Amino acid sequence: MSAPSFLLTPDELRHRDSSKWQKYPADVLPLWVADMDYAVSPFITAALQDRLTRGLGYFQLQDEPQMAALLRARLAGQGVTDLPDGGVRSLPGVVPGLYAAVLGLTAPGDDVISMTPIYPPFMSAVRDHGRNLRAAPLAQTTAGWTIDWGALEAAVTPQTRLFMLCHPHNPTGRVWTRAELERLADFVLRHDLLVVTDELHADLTYPVDGVQVPHTAFVSVNAALRERTVTLTGPCKAYNTAGLGIGAAVSHATPLLDRMGRATAGVLGHASALSMTMWEAALEGGRPWLDAVLAQLLQNRDLLTARLAAELPWVGYHAPEATYLAWLDFRAHPRHADIHAFLLSEARVALNDGPTFAPDAQGFVRLNFATSPAILNDAIDRIVAACRLPDA
Ligand SMILES: Cc1ncc(COP(=O)(O)O)c(C=O)c1O
């Protein structure tokens, strides 16, 4: 079988505009920021080139009919049905949506709950604006990362207004089950919390026992969530287009979206014409490329799983159910106190450092396996060699 056409070589990847490949010296393999080492879908690049033949003036931002229909159909496939007019608002990215939710749905001094470890902007969005983060640590069990329901209850205070969910979850790769989502729904209803749920990784789930299961949006599991939930979505993780920022805030409760809009009026900026074209093309014709990429990611995930089990069995790891991110527990290594710096200097592999995802995550690193099998194998070889214990 020939290699997929989207695979790129290190020479192609280390171009001058790439943050991922420029941050570290040339002998370092960069498996950190969540970009994929894959060429963008030709369907998308063709649409972008075509878009450049038309003017780049102000464009239809919210309700261009074809884009609106494609996005609503995509959301309906995830269980987000019956959206009202005005229930989909474009954003210049998903992180701006996290910040807009904190600003619009809470007041200074309010408490906000998030389950940690977590993608860092969940924490900075809360802290940057004088709200208090109430972290509910996930539980690490032999079966994988699970919700610590006791910790979640303990995180609630009389000042708690907002629950921030990441589904699928970055960095653990958990796809919350329907039973977990239903119990989370009971939790937010019982405590009268608003919800912002970041579902940016929804298109990056892996088959379960060989069957591809559609993503279940949090808001879809209980009708009572509709009046209190904002879902954030976007194309950049699945289609590898983070350089063209865009996203959407979606809700049945348009007053929540109005509050987010008012709180950020004039400062958020709008998505760009090219990013809108990119997203429309992804929704219209990106699926074959995404399916091929998902097959590659699954192969890489299983390669990583097998090699960790065989060669680094003391590294704590649970294969992600979604995302191309692996959350690795190196706390059994003698250099756990500076494991990120150790792997950078000794293995020449750049990962993301655990404490950026939770203060108690020293000894963990996040590895991005969305690369070629050759680069992934090289990175694992280097980590194995660097971690060989003296008496091994
Ligand atoms: C959960 C999650 N949300 C948001 C983002 C970034 O979104 P954007 O680039 O659209 O702001 C990422 C990027 O990795 C992510 O993992």
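User: What counts as a salt bridge here, and how many does a search of the whole structure find?
Analyst: A salt bridge is a side-chain nitrogen of Lys or Arg within 4 Å of a carboxyl oxygen of Asp or Glu. This is a predicted model, where local features need pLDDT of at least 70, side-chain atom pairs count only at pLDDT 80 or more, and totals for chains, interfaces and linings use all residues. Residues are numbered from 1 along each chain as its sequence is written, and side-chain values use heavy atoms, with hydrogens and water left out. The search of the whole structure finds 21 salt bridges.

User: Which residue forms a salt bridge with Arg 178?
Analyst: Look in helix H8, residues 178–190. Helices are DSSP runs of H or I with at least four residues, strands are runs of E with at least two, and both are numbered from the N terminus. The partner lies four residues from Arg 178, about one turn of the helix. With the closest N and O atoms 3.6 Å apart, the partner is Glu 182.

User: Is Arg 228 buried or exposed?
Analyst: Arg 228 forms a salt bridge with Asp 192, the closest N and O atoms being 3.1 Å apart. Arg 228 lies in the loop between S8 and S9 and Asp 192 in the loop between H8 and S8, so the pair ties together parts that are 36 residues apart in sequence. Buried means under 20% relative accessible area, exposed over 50%, and partly exposed in between (1.4 Å probe, protein chains only). Asp 192, at 56%, is exposed, but Arg 228, at 10%, is buried.

User: How many residues of strand S7 are buried?
Analyst: S7 spans residues 160–166 and is mostly covered. Two strands pair if DSSP finds at least two bridges between them. S7 pairs in the parallel sense with S3 (residues 111–116) over four bridges, and with S8 over five. Of its seven residues, the number buried is six.

User: In S8, what is the bridge partner of Cys 166?
Analyst: S7, H8 and S8 make a right-handed β-α-β unit. Right-handed means that, with the strands pointing away from the viewer, the path from the first strand over the helix to the second runs clockwise. On the S3 side, Asp 111 has Thr 160 of S7 as its bridge partner. In S8, the partner of Cys 166 is Asp 198.

User: Which residues are linked with Arg 174 in a network of salt bridges?
Analyst: Side chains of opposite charge can pair when their charged atoms come close. The network of salt bridges links Arg 174 with Glu 180 and Glu 321.
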